[in-house]
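Colleague: Could you walk me through how to read the pocket and the salt bridges in a model like this one? I would like the general idea first, and then the particular case.

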Amino acid sequence: HDAAVLINLGIAYAQAGDDVKARAAFEQALACHEVIELDTADGTATDSRRLARKAIKMLERGEFRPSATATGQLTMRER
């Protein structure tokens, strides 16, 4: 029942493409009784519920999925 762990777990699931497990982890973070202040990757601080809500919106927009070039995926080009 640690919101920080659940948010990070949700991000990992989302980046792996498992949106169902990601959403479940984010929703569990929202349901945590204790609201904690968390530092984000961009250096700002926010409360765990706000961050979980933001993560759900990002998940819905597909923002956790890496772009094809970021994963090193190659595309075939016609000669």
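Modeller: Let us begin with the vocabulary, since helices and strands here are DSSP runs, at least four residues for a helix and at least two for a strand, numbered from the N terminus. Please keep in mind throughout that this is a predicted model.

Colleague: Which helices and strands each supply at least two residues of the lining of the largest pocket?

Modeller: A lining residue has an atom within 4 Å of a pocket point. In this structure, helix H1 (3–15), strand E1 (37–39) and helix H3 (48–60) each supply at least two residues of that lining, and H3 gives the largest share, namely 5 residues.

Colleague: What is the volume of the largest pocket, and which residues are the closest to its centre?

Modeller: The volume of the largest pocket comes to about 340 Å³. The lining is made up of 17 residues, and those closest to the centre are Ile 7, Ile 11, Thr 40, Ala 41 and Leu 51. When the lining is sorted by class, 9 residues are nonpolar, 4 are polar and 4 are charged.

Colleague: Turning to the charged side chains, how many salt bridges does a search of the whole structure find?

Modeller: The criterion is a side-chain nitrogen of Lys or Arg within 4 Å of a carboxyl oxygen of Asp or Glu, and the search of the whole structure finds 4 such salt bridges. One of them pairs Asp 19 with Arg 65, whose closest N and O atoms are 2.8 Å apart. This pair links distant parts of the chain, with Asp 19 in helix H2 (residues 19–31) and Arg 65 in the segment after H3, 46 residues apart.

Colleague: Why do Asp 19 and Arg 65 count as partly exposed?

Modeller: Partly exposed lies between the 20% and 50% limits of relative accessible area. Asp 19 counts as partly exposed because its relative accessibility is 26%, and Arg 65 does so because its value is 44%.

Colleague: Which residues are linked in a network of salt bridges?

Modeller: The network joins Arg 23, Glu 27 and Glu 60. Arg 23 and Glu 27 form a salt bridge whose closest N and O atoms are 3.7 Å apart, and because these two residues are 4 residues apart in helix H2, about one helical turn separates them. Glu 60 also forms a salt bridge with Arg 23, at 2.9 Å between the closest N and O atoms. That second pair links distant parts of the chain, Glu 60 being in helix H3 and Arg 23 in helix H2, 37 residues apart.

Colleague: Are the members of this network buried or exposed?

Modeller: Arg 23, at 28% relative accessibility, counts as partly exposed, as does Glu 27 at 39%, whereas Glu 60, at 55%, counts as exposed.

Note on methods: Residues numbered from 1 in each chain as written. Predicted model: local features only at pLDDT ≥ 70, side-chain atom pairs only at ≥ 80, totals over all residues. Heavy atoms only, no water. 1 Å grid on protein atoms, 1.4 Å probe; cavity = no way out; pocket = protein on both sides within 12 Å on 5 of 7 lines; lining within 4 Å. Points joined across faces, edges and corners; volume = space filled by probe spheres on them. Nonpolar A, V, L, I, M, F, W, Y, C, P; charged D, E, K, R; others polar. Buried < 20%, exposed > 50% of the residue type's maximum accessible area, 1.4 Å probe, protein only.
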